[in-house]
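Hi everyone, thanks for making room for me today. Let me put the structure up, and then we can walk through a few parts of it together.

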Amino acid sequence: MRILFQGDSITDWNRKYDEFHDLGNGYVRFTADGLREQLPDRELEFINRGRSGDRTWELKKRWQAECLDLKPDFLSILIGVNDTWRAFDQNDPTSAQEYEDNLRALLEDVKEHTRAKILLLEPFLLHNSPDKDEWRADLDAKIERCRKLAREYADAYLPLDGILAAASVQKEPAWWAADGIHPTEEGAKLIARYYLEAALPLLRTL
(Lines give C-alpha, C1' and ligand atoms only; values in the text may rest on other atoms or scores of the structure.)
Protein backbone atom coordinates (compact mmCIF):
# COMPACT_ATOMS: atom_id res chain seq x y z
CA MET A 1 0.00 0.00 0.00
CA ARG A 2 1.49 3.33 -1.09
CA ILE A 3 0.83 6.27 1.24
CA LEU A 4 1.69 9.73 -0.09
CA PHE A 5 2.01 12.89 1.98
CA GLN A 6 1.73 16.20 0.09
CA GLY A 7 2.06 19.78 1.20
CA ASP A 8 4.48 22.54 2.12
CA SER A 9 7.29 22.88 4.69
CA ILE A 10 5.14 21.49 7.49
CA THR A 11 5.03 18.21 5.58
CA ASP A 12 8.52 18.52 4.05
CA TRP A 13 10.28 19.16 7.35
CA ASN A 14 13.88 18.75 6.16
CA ARG A 15 13.38 15.67 4.03
CA LYS A 16 16.24 14.79 1.70
CA TYR A 17 14.96 15.43 -1.82
CA ASP A 18 17.46 13.02 -3.38
CA GLU A 19 16.30 10.10 -1.23
CA PHE A 20 13.02 8.69 -2.56
CA HIS A 21 11.71 7.42 0.77
CA ASP A 22 13.14 9.97 3.18
CA LEU A 23 10.30 11.21 5.38
CA GLY A 24 11.87 14.22 7.06
CA ASN A 25 11.66 14.86 10.79
CA GLY A 26 8.12 16.11 11.27
CA TYR A 27 4.61 14.72 11.55
CA VAL A 28 5.11 12.48 8.51
CA ARG A 29 7.80 10.46 10.25
CA PHE A 30 5.77 10.12 13.45
CA THR A 31 2.70 9.15 11.44
CA ALA A 32 4.59 6.49 9.50
CA ASP A 33 5.96 5.04 12.74
CA GLY A 34 2.46 4.89 14.18
CA LEU A 35 0.96 3.26 11.10
CA ARG A 36 3.65 0.60 11.02
CA GLU A 37 2.88 -0.16 14.66
CA GLN A 38 -0.89 -0.24 14.12
CA LEU A 39 -0.78 -2.22 10.87
CA PRO A 40 2.09 -4.67 11.41
CA ASP A 41 0.81 -7.20 8.89
CA ARG A 42 0.42 -4.71 6.03
CA GLU A 43 3.11 -3.86 3.49
CA LEU A 44 3.26 -0.08 3.73
CA GLU A 45 5.27 2.27 1.55
CA PHE A 46 5.55 5.89 2.66
CA ILE A 47 6.44 8.76 0.35
CA ASN A 48 6.83 12.37 1.45
CA ARG A 49 6.60 14.97 -1.31
CA GLY A 50 6.02 18.05 0.80
CA ARG A 51 8.00 21.01 -0.52
CA SER A 52 8.96 24.01 1.58
CA GLY A 53 7.37 27.29 0.56
CA ASP A 54 4.76 25.82 -1.74
CA ARG A 55 1.42 27.46 -2.33
CA THR A 56 -1.49 25.73 -4.02
CA TRP A 57 -0.52 26.97 -7.49
CA GLU A 58 3.01 25.62 -7.02
CA LEU A 59 1.63 22.29 -5.88
CA LYS A 60 -0.41 22.19 -9.10
CA LYS A 61 2.77 22.57 -11.18
CA ARG A 62 4.28 19.38 -9.76
CA TRP A 63 1.06 17.43 -9.27
CA GLN A 64 1.45 15.11 -12.25
CA ALA A 65 5.00 14.00 -11.44
CA GLU A 66 4.78 14.05 -7.66
CA CYS A 67 1.27 12.75 -7.13
CA LEU A 68 -0.57 11.23 -10.07
CA ASP A 69 2.45 9.42 -11.53
CA LEU A 70 3.18 7.91 -8.10
CA LYS A 71 -0.24 6.21 -8.08
CA PRO A 72 -0.89 6.42 -4.33
CA ASP A 73 -3.44 4.23 -2.60
CA PHE A 74 -3.82 6.83 0.13
CA LEU A 75 -3.10 10.55 -0.14
CA SER A 76 -3.03 13.33 2.41
CA ILE A 77 -2.77 17.02 1.55
CA LEU A 78 -1.88 19.90 3.89
CA ILE A 79 -1.55 23.17 1.97
CA GLY A 80 -2.61 26.76 2.47
CA VAL A 81 -0.63 28.72 5.02
CA ASN A 82 1.80 29.99 2.38
CA ASP A 83 -1.16 31.19 0.29
CA THR A 84 -1.79 33.49 3.26
CA TRP A 85 1.82 34.17 4.26
CA ARG A 86 2.98 35.51 0.88
CA ALA A 87 0.34 38.23 1.07
CA PHE A 88 2.11 39.67 4.11
CA ASP A 89 5.80 39.06 3.49
CA GLN A 90 5.91 39.50 -0.31
CA ASN A 91 2.72 41.45 -1.10
CA ASP A 92 1.68 38.53 -3.29
CA PRO A 93 -1.81 37.51 -2.12
CA THR A 94 -3.81 34.47 -3.11
CA SER A 95 -7.53 35.05 -2.81
CA ALA A 96 -9.80 32.52 -1.14
CA GLN A 97 -11.37 31.83 -4.53
CA GLU A 98 -7.98 31.19 -6.13
CA TYR A 99 -7.08 28.88 -3.26
CA GLU A 100 -10.33 26.99 -3.73
CA ASP A 101 -9.89 26.74 -7.49
CA ASN A 102 -6.34 25.44 -7.18
CA LEU A 103 -7.16 22.91 -4.49
CA ARG A 104 -10.26 21.77 -6.36
CA ALA A 105 -8.16 21.12 -9.46
CA LEU A 106 -5.79 18.93 -7.44
CA LEU A 107 -8.62 16.94 -5.92
CA GLU A 108 -10.41 16.55 -9.24
CA ASP A 109 -7.22 15.11 -10.76
CA VAL A 110 -6.90 12.60 -7.94
CA LYS A 111 -10.50 11.48 -8.33
CA GLU A 112 -10.18 11.21 -12.10
CA HIS A 113 -6.79 9.51 -12.38
CA THR A 114 -6.32 7.45 -9.21
CA ARG A 115 -8.26 5.31 -6.77
CA ALA A 116 -6.63 6.93 -3.77
CA LYS A 117 -8.46 7.57 -0.56
CA ILE A 118 -8.06 11.24 0.37
CA LEU A 119 -7.35 12.74 3.79
CA LEU A 120 -7.51 16.53 3.66
CA LEU A 121 -5.83 18.45 6.48
CA GLU A 122 -6.83 22.05 7.06
CA PRO A 123 -4.14 24.75 7.23
CA PHE A 124 -3.59 26.26 10.65
CA LEU A 125 -2.14 29.25 12.43
CA LEU A 126 -1.36 29.54 16.11
CA HIS A 127 -1.87 33.13 17.18
CA ASN A 128 1.25 33.66 19.27
CA SER A 129 2.67 37.00 18.09
CA PRO A 130 1.25 40.42 17.08
CA ASP A 131 2.62 40.14 13.54
CA LYS A 132 0.05 37.39 12.90
CA ASP A 133 -2.92 39.62 13.79
CA GLU A 134 -3.67 40.43 10.17
CA TRP A 135 -3.28 36.85 8.98
CA ARG A 136 -6.29 35.33 10.70
CA ALA A 137 -9.09 36.70 8.53
CA ASP A 138 -7.21 35.76 5.37
CA LEU A 139 -6.50 32.21 6.53
CA ASP A 140 -9.98 31.71 7.98
CA ALA A 141 -11.49 32.33 4.55
CA LYS A 142 -9.21 29.66 3.09
CA ILE A 143 -10.03 27.22 5.88
CA GLU A 144 -13.72 27.60 5.06
CA ARG A 145 -12.97 26.77 1.42
CA CYS A 146 -10.89 23.78 2.51
CA ARG A 147 -13.79 22.47 4.59
CA LYS A 148 -16.15 22.98 1.67
CA LEU A 149 -13.90 20.94 -0.62
CA ALA A 150 -13.49 18.24 2.01
CA ARG A 151 -17.25 17.73 1.99
CA GLU A 152 -17.12 17.28 -1.79
CA TYR A 153 -13.97 15.21 -2.26
CA ALA A 154 -12.33 13.90 0.90
CA ASP A 155 -12.78 10.55 2.56
CA ALA A 156 -11.68 12.08 5.85
CA TYR A 157 -10.88 15.57 7.15
CA LEU A 158 -8.54 16.71 9.87
CA PRO A 159 -9.51 20.12 11.36
CA LEU A 160 -5.99 21.03 12.44
CA ASP A 161 -6.65 24.71 13.11
CA GLY A 162 -9.29 23.78 15.66
CA ILE A 163 -7.27 20.91 17.11
CA LEU A 164 -4.21 23.08 17.67
CA ALA A 165 -6.27 25.98 19.01
CA ALA A 166 -7.80 23.63 21.58
CA ALA A 167 -4.38 22.22 22.48
CA SER A 168 -3.13 25.78 23.01
CA VAL A 169 -5.58 26.22 25.87
CA GLN A 170 -3.69 23.52 27.79
CA LYS A 171 -0.17 24.62 26.80
CA GLU A 172 0.96 27.89 25.28
CA PRO A 173 0.92 28.07 21.47
CA ALA A 174 4.72 28.12 21.22
CA TRP A 175 4.82 24.63 22.76
CA TRP A 176 3.16 23.33 19.61
CA ALA A 177 4.64 25.73 17.03
CA ALA A 178 7.27 28.24 18.07
CA ASP A 179 6.53 30.62 15.17
CA GLY A 180 2.84 29.79 15.02
CA ILE A 181 3.28 27.87 11.76
CA HIS A 182 6.00 25.21 11.92
CA PRO A 183 5.31 22.53 14.53
CA THR A 184 7.76 21.71 17.26
CA GLU A 185 8.41 18.02 17.90
CA GLU A 186 5.47 18.03 20.30
CA GLY A 187 3.28 19.71 17.70
CA ALA A 188 4.31 17.19 15.07
CA LYS A 189 3.49 14.31 17.42
CA LEU A 190 0.08 15.84 18.12
CA ILE A 191 -0.68 16.10 14.40
CA ALA A 192 0.47 12.52 13.90
CA ARG A 193 -1.83 11.28 16.67
CA TYR A 194 -4.90 12.82 15.06
CA TYR A 195 -3.74 11.77 11.60
CA LEU A 196 -3.69 8.15 12.79
CA GLU A 197 -7.22 8.45 14.17
CA ALA A 198 -8.48 9.78 10.83
CA ALA A 199 -6.47 7.48 8.55
CA LEU A 200 -6.62 4.09 10.20
CA PRO A 201 -10.32 3.34 9.50
CA LEU A 202 -9.73 4.08 5.82
CA LEU A 203 -6.46 2.19 5.56
CA ARG A 204 -7.99 -0.89 7.09
CA THR A 205 -10.42 -1.03 4.16
CA LEU A 206 -7.68 -0.99 1.51
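Let me start with a question: which residue follows α5, and what is the sign of its phi? It is Asn91, and its phi is positive, near 50°. Before going further, please keep in mind that this is a predicted model.

Let's stay with α5 for a moment. This helix covers residues 81–89, and its buried residues are Val81, Asn82, Asp83, Thr84, Arg86 and Ala87. So what covers them? Among the elements doing that are α1 (9–12) and α3 (56–61), along with α6 (96–113) and α7 (135–153).

Arg86 comes up again when we look at charges and rings. Its charged end sits over the ring of Trp85, 5.0 Å from the ring's centre. There is another arrangement of this kind at Arg15, which lies over the face of Tyr17, with 4.0 Å to the ring centre.

Now to the aromatic pairs, and there are seven of them in the structure. Take Phe5 and Phe46: the ring centres are 6.5 Å apart and the planes meet at 35°, so this pair is tilted. Phe5 belongs to strand β1 (residues 2–7) and Phe46 to strand β2 (residues 45–48), so the pair ties together parts that are 41 residues apart in sequence. Both of these phenylalanines, Phe5 and Phe46, are buried.

For another pair, look at Trp175 and Trp176. Their arrangement is edge-to-face, with 6.4 Å from centre to centre and 90° between the planes. Are the two buried or exposed? Trp175 has 38% relative accessibility, so it counts as partly exposed. Trp176 has a relative accessible area of 10%, which means it is buried, as the limit for that is under 20%.

Going back to Phe5 and Phe46, ring pairs link them with Tyr27 and Tyr195 into a cluster. Those two tyrosines bring me to my last topic, helix packing.

Two packed helices are described by the angle between their axes and the distance between the axes. Here, α2 (residues 27–38) packs against α10 (residues 185–203) at about 45°, and the axes are 8 Å apart. That angle makes α2 oblique to α10. The crossing of α2 past α10 is right-handed. On the α2 side, the residues making the contact include Tyr27, Phe30 and Leu35, while α10 contributes, among others, Ile191, Tyr195 and Leu196. Tyr27 and Tyr195, then, take part in this contact and also belong to the ring cluster.

That's my tour, and I'm happy to go back to any part of it.

Key
Residues are numbered from 1 along each chain as its sequence is written. This is a predicted model: local features need pLDDT of at least 70, side-chain atom pairs count only at pLDDT 80 or more; totals for chains, interfaces and linings use all residues. Side-chain values use heavy atoms; hydrogens and water are left out. Buried means under 20% relative accessible area, exposed over 50%, partly exposed in between (1.4 Å probe, protein chains only). Helices (H or I, at least four residues) and strands (E, at least two) are DSSP runs, numbered from the N terminus. Contact means heavy atoms within 4.5 Å. Rings of Phe, Tyr and Trp (its six-membered ring) pair if their centres lie within 6.5 Å; planes under 30 degrees apart count as stacked, over 60 as edge-to-face and the rest as tilted. A charge sits over a ring if NZ of Lys or CZ of Arg is within 6 Å of the ring centre and within 35 degrees of the ring normal. Axes are lines fitted to C-alpha atoms, for helices over the stretch in contact, and angles run from 0 to 180 degrees between N-to-C directions. Angles under 35 degrees count as roughly parallel, over 145 as roughly antiparallel, 65 to 115 as roughly perpendicular and the rest as oblique. A crossing is left-handed if the near helix is turned anticlockwise from the far one by less than a right angle, and right-handed if clockwise.
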